[in-house]
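I opened this entry to keep track of what I looked up, starting with empty space inside the chain and then moving to ring pairs.

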Amino acid sequence: IGILFLAVLMAFPAAAQVGNPATMAPDAAVTEKRMPAPHEANAQDRLFVQLATIGGMAEVEAGRLAGERAGKEGVKGFARRMVEDHGASNGRLAGLAKDAGIAQPKEPDAEHRAMREELERAGAEDFDRVYILGQIVAHQKTAQLLEWHLGAGQDPALKGYAAETLPTVLR
């Protein structure tokens, strides 16, 4: 039976050349070898755009709130910088996502809504600490996301965005 099975597989070599379904959208364009076309965004590209969009929106929202409520001038200055940096980065990502045909989420996810609610509940004496601690965690997650996409992404423009953005996030 083993020899018969091997003979059947050898008779149909094209059957073994399918793309990895975990990284291909059902409607993905494919090349002759059934792999996603080089310009086709893979599942990792789509996930990256989703997570980066949500994180970027949350950074701008938190920065605006901190600009209004922070007690220390240094925290307010940092918040202004986050609004500017993430606003520009979000705009660039929106253009790249559009070029790649990837829809972006319009609202934050549950995790980022909860973070916003925590900031809104924070009293004046705790606000700066809660905001800065949230920023540390958010930037660590963003750095990991960017590094992950450099290895897993397929779209060259999105990978370029990740490579250019990572040093800024790490500073």
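**Cavity**

I began with the largest cavity, whose lining consists of Ala58, Glu61, Ala62, His112, Met115, Arg116 and Leu119. The model is a predicted one. I looked up the volume of this largest cavity and got about 40 Å³. I then asked how many cavities of 30 Å³ or more there are. The count is one.

Next I checked which elements supply the lining. Both α2 (43-69) and α4 (110-121) give at least two residues to the lining of the largest cavity. The largest share is that of α4, with four residues. Sorted by class, I have four nonpolar, one polar and two charged residues in this lining.

**Pocket**

I turned to the largest pocket and noted a volume of about 880 Å³. Its lining has 42 residues, and those nearest the pocket centre are Glu59, His86, Ala138, His139 and Thr142. I listed the elements that contribute two or more residues to this lining: α2, α3 (73-100), α4, α5 and α6. Which element has the largest share of the pocket lining? I found that α5 does, with 14 residues. By class I recorded 19 nonpolar, 14 polar and nine charged residues for the lining of the largest pocket.

I note that α4 gives the largest share of the lining of the largest cavity, while α5 gives the largest share of the lining of the largest pocket.

**Aromatic pairs**

I looked for aromatic pairs and the count came to three. One of them joins Phe48 and Tyr161 in an edge-to-face arrangement, with 6.2 Å centre to centre and 65 degrees between the planes. This pair links distant parts of the chain, since Phe48 lies in helix α2 and Tyr161 in helix α6 (residues 156-170), 113 residues apart. I asked whether these two are buried or exposed. Phe48 counts as buried because its relative accessibility is 0%. Tyr161 has 5% relative accessibility, so Tyr161 counts as buried too; the cut-off for buried is under 20%.

Another pair is Phe127 with Tyr131, which is stacked: I have 6.3 Å centre to centre and 5 degrees between the planes. Why are Phe127 and Tyr131 separated by about one helical turn? They are four residues apart in helix α5 (residues 124-152), so about one helical turn lies between them. I checked burial here as well, and both Phe127 and Tyr131 are buried. Following the ring pairs further, I found that they link Phe78, Phe127 and Tyr131 into a cluster.

**Whole chain**

I left the overall figures to the end. The protein has six helices and zero strands, and I wrote its pattern along the sequence as α-α-α-α-α-α. Of its 171 residues, 37% are buried. I looked up the accessible surface and got about 10400 Å², with 60% of this belonging to carbon and sulfur atoms.

My last look-up was the contacts. Among contacts in the protein with a separation of 6 or more, 68% are between residues 24 or more positions apart. I put the pair of Phe48 and Tyr161 beside this figure in my notes, as that pair links parts of the chain 113 residues apart.

Definitions and conventions:
Residues numbered from 1 in each chain as written. Predicted model: local features only at pLDDT ≥ 70, side-chain atom pairs only at ≥ 80, totals over all residues. Heavy atoms only, no water. Buried < 20%, exposed > 50% of the residue type's maximum accessible area, 1.4 Å probe, protein only. Contact = heavy atoms within 4.5 Å. Areas by Shrake-Rupley, 256 points an atom, 1.4 Å probe, with all protein chains shown as cover. 1 Å grid on protein atoms, 1.4 Å probe; cavity = no way out; pocket = protein on both sides within 12 Å on 5 of 7 lines; lining within 4 Å. Points joined across faces, edges and corners; volume = space filled by probe spheres on them. Nonpolar A, V, L, I, M, F, W, Y, C, P; charged D, E, K, R; others polar. Phe/Tyr/Trp six-rings, centres within 6.5 Å; stacked < 30°, edge-to-face > 60°.
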